[in-house]
Every structure is written in C-alpha cells, then in structure tokens.
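Got the viewer open? Take a walk through this one with me, one selection at a time.

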Amino acid sequence: MSTAVWPYLPHDELIKEEKATLARELEWLLNSLQETLASLKSGLEECIALLAPKEPGSTLVISSVRSESVKGFVTRVGTRIVKGDIHIRLPTLPPTRSASSYPLHLSTLPTAPSLVLTQLTSVRNLINQSLDVVDISTWTGDAHDANFIAGQLRLLFDFIQEARQALKGGDDVVGRWWEGSVDENIFDPPLPPTLSFHLSISEASLQLQLRTLQLTNPSTPTSFTSDALPGLSLRQRLGLAARLPEHDESGQVFTFRGQDVRVREKVRVESQDPSLMSVMAKLGALEHAVGVARKSLAIVMGVEEEEDG
C-alpha cells in the first residue's frame, strides 16, 4: 500500500511544502513550550516554598529502631538545624557520671556555629538557577529561536537533575565522613574528640551517622586518649569489655582531624522528612517534563538528542 499527495506536486515544490510545514510545526511547538515553561516555573516555586526557612520548622525524631542506642529529635528550619536533643547509649561512649546516656545538645549560645545541611543549600541554589533559566527563556532571550530554547532546556534539565541527586544523596554528593567533621562547638557541652557526628540527606530523609573512634597508636598523648572520657570504665580501658558488634568499617584506618583512627562502633539512624520527600517528588516530575519537552523539540528540529547520564 502506498500513499500519494493529491493534487500532484512537482518534487521541488513538495520539498518546499514539507519545509514550510515543519516550520509551522516548530513555531507551534515553540509557542506551546512557553506554556510548559510557565508550568515548570510554578513547580519550581513550590519547591522553593517547601525549602524556605519558616517557623516553627520541621521537628524530626532521631531514634534507633530496635535499640536504645540513639534517642532524640532535631528541628530543621530551611537549610539549618536549629534545635537538637539526642541521647546516646553506646558501650564505647560512656555517659557522664550520674547520667544514663551521653547527651548531645545543640548549643543555643549566639556565638555557637550553625549546623547547616550543605545538600539543602545546594538544592536551593540549583532551583533558583533553574528559575533564572526559565525567566531568561521567557523574557530575555528569543523565544522563537529553536536552538536557544533547546540550549536553555538542556541547562534546565541539568540543574533539576543535579538538585534531585543532591536530595537523593550518595558518597559523591555527601562526601566522606572523616573529611567533613562538624564543629564540636555546635554542641553544649562540645562534642567529645572520640565521637564523629555526621548529618546528611539520603533519599530525602535526614540521616545521622555516629562513630566512636580509637587511635591506631593509643600511646600517643592526644585528646583521643582515655583521659578525654572520664566515665570510661577500667574494663573498657584495659580492653576487657564485651566484644563490640562488627560493622562495615571494622579494621579500616581513617585520618580524622589529623589523627589515624579506627571505628569502634557505628550507628546509623534515618528520619523521613515529609517536606523534603515532597520536593524530591516534584523535582522528579519536573525533570520528566523537561525531558519530554527536549525530546519533542529535538524531533521537530531534526536533530539527535544527547544522551543524559
């Protein structure tokens, strides 16, 4: 079965009509993409609103599920943790005298450093850059230039994808725990030198990793010695306490604050953040919408769309 154009057109005129049709289709698509950009802007603004520093913030439970190792809460306002009260029960982190657990209280002193979630700072900056791309595509640049709009859509796609990846987390985003130690003066009393406190975002949830540390050369007189923990029992100092549970970093040596250390105990706790989960879902939908727009424009322009990693 074959198809034919009627009335019959000479080949040169047929090619001319095909080009004219494609030009009209491209013009229609570019006009419709302006509506798409307006919809994308609305979605991005919703994400910014969810990340905005609004009181009273989001209070999240930080507690281990099947043990009493970690119990407490933190309050997130925007990209900062403004309140926190966590109690730790670990054999290698004995409590102070007359206490049943080791307390971690976020300092309320005006001179205390802020506990900032850098991943959320990156997400907010990337979304703001995405909004700038939308505004430039709508008001500043030539909305009828297909190559310009294609380039803007690619840039928009990259920004949104990177923002979603920042909420997803991962070692390449979060960084290594031994290289990104928090300031001990964030807490009151200050964080003990034998404890690593690492707070990050994983799958739009707040993830806390606590590690108790031991020098590889315990004879070296530093703040890591047992004198830094006056509550340490004699059995623990002599290594006669019960065997510690195995973990995936057992036996490895890390350089933490200029000292070679091993991880004695490791605890990881996650707490779902409804606002961050909503932002991640919206970014996923926005990423898909931009991907569809890019593919449609590439087809009409007759170019091959680049593969996204």
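What follows is a list of stops, each with something to select and what you'll find there.

**The whole chain**

Keep in mind that this is a predicted model. Show everything as cartoon to begin with: the protein has 6 helices and 9 strands. Of its 309 residues, 39% count as buried. The accessible surface is about 17500 Å², and 53% of that belongs to carbon and sulfur atoms. Among contacts with a separation of 6 or more, 66% are between residues 24 or more positions apart.

**Helix H2**

Select residues 118-140, which make up helix H2. The helix has 23 residues and reaches 31 Å from its first C-alpha to its last, close to the 33 Å expected at 1.5 Å a residue. Turn on side chains and look for the buried ones, including Leu120, Val123, Leu126, Ile127 and Leu131.

**Phe159, over in H3**

Next, pick Phe159 in helix H3 (residues 146-168). Which residues does Phe159 touch, leaving aside those up to four places away in sequence? They are Leu126, Gln129, Ser130 and Val133. Of these, Leu126, Ser130 and Val133 are among the buried residues of H2. Phe159 has 15% relative accessibility, so with the cut-off at 20% it counts as buried too. If you like distances, draw one from the C-alpha of Phe159 to that of Asn125: you should get 9.4 Å, for two residues 34 apart along the chain.

While you're here, show Phe157 and Arg294. The charged end of Arg294 sits over the Phe157 ring, 5.2 Å from its centre.

**Strand S6**

Move on to residues 195-202, strand S6. Is this strand enclosed or not? Color it by burial: 8 of the 8 residues are buried, so S6 is largely enclosed by the rest of the structure. In a regular strand, side chains alternate between the two faces of the sheet. Here Leu195, Phe197, Leu199 and Ile201 point one way, while Ser196, His198, Ser200 and Ser202 point the other.

**Across to S7, and around the turn**

Add residues 205-215, strand S7, which runs antiparallel to S6 and is joined to it by 8 bridges. To check the register, find Ser196: its bridge partner in S7 is Arg211.

Now zoom in on the hairpin, which has 2 residues between the strands. Most residues other than glycine have a negative phi. Glu203, though, has a positive phi of about 55 degrees, and Ala204 has one of about 65 degrees. Which of the two is buried or partly exposed? Glu203 is partly exposed, with a relative accessible area of 41%, whereas Ala204 counts as buried at 1%.

**S9 and S8**

Carry on across the sheet to residues 259-272, strand S9, which pairs with S7 in the antiparallel sense over 11 bridges. Leu213 stands opposite Val263 here. Then add S8, which pairs with S9, also antiparallel, over 3 bridges. Phe256 has Gln259 as its bridge partner in S9. The S8 and S9 hairpin has 2 residues between the strands, and Arg257 there takes a positive phi near 55 degrees.

**Aromatic stops**

How many aromatic pairs are there? The count comes to 5. Start with Trp178 and Phe254, a tilted pair at 4.8 Å centre to centre with 40 degrees between the planes. Trp178 lies in the loop between helix H4 (171-174) and S6, and Phe254 lies in S8, so the pair ties together parts that are 76 residues apart in sequence. Trp178 is partly exposed at 25%, while Phe254 counts as buried at 7%. Add Trp177 and Phe256 to see the aromatic cluster that these four form.

Then go to Phe187 and Phe197. Their centres are 4.8 Å apart and their planes at 70 degrees, so this pair is edge-to-face. Phe187 is in the loop between H4 and S6 and Phe197 is in S6, 10 residues apart. Phe187 counts as buried at 4% relative accessibility, and Phe197 counts as buried at 4% as well.

**Two cis peptide bonds**

Most peptide bonds are trans. For a cis one, step along to Asp188 and Pro189, where omega is about 5 degrees. Pro189 is in the loop between H4 and S6. Finish at Glu55 and Pro56, joined by a cis bond with omega near 5 degrees. Pro56 sits in the loop between helix H1 (11-51) and strand S1 (58-61).

Key. Residues are numbered from 1 along each chain as its sequence is written. This is a predicted model: local features need pLDDT of at least 70, side-chain atom pairs count only at pLDDT 80 or more; totals for chains, interfaces and linings use all residues. Side-chain values use heavy atoms; hydrogens and water are left out. Rings of Phe, Tyr and Trp (its six-membered ring) pair if their centres lie within 6.5 Å; planes under 30 degrees apart count as stacked, over 60 as edge-to-face and the rest as tilted. Helices (H or I, at least four residues) and strands (E, at least two) are DSSP runs, numbered from the N terminus. Buried means under 20% relative accessible area, exposed over 50%, partly exposed in between (1.4 Å probe, protein chains only). A charge sits over a ring if NZ of Lys or CZ of Arg is within 6 Å of the ring centre and within 35 degrees of the ring normal. Contact means heavy atoms within 4.5 Å. Two strands pair if DSSP finds at least two bridges between them. Accessible areas come from the Shrake-Rupley method with a 1.4 Å probe; for residues, only the protein chains shown count as cover. The expected span of a helix is 1.5 Å times one less than its number of residues.
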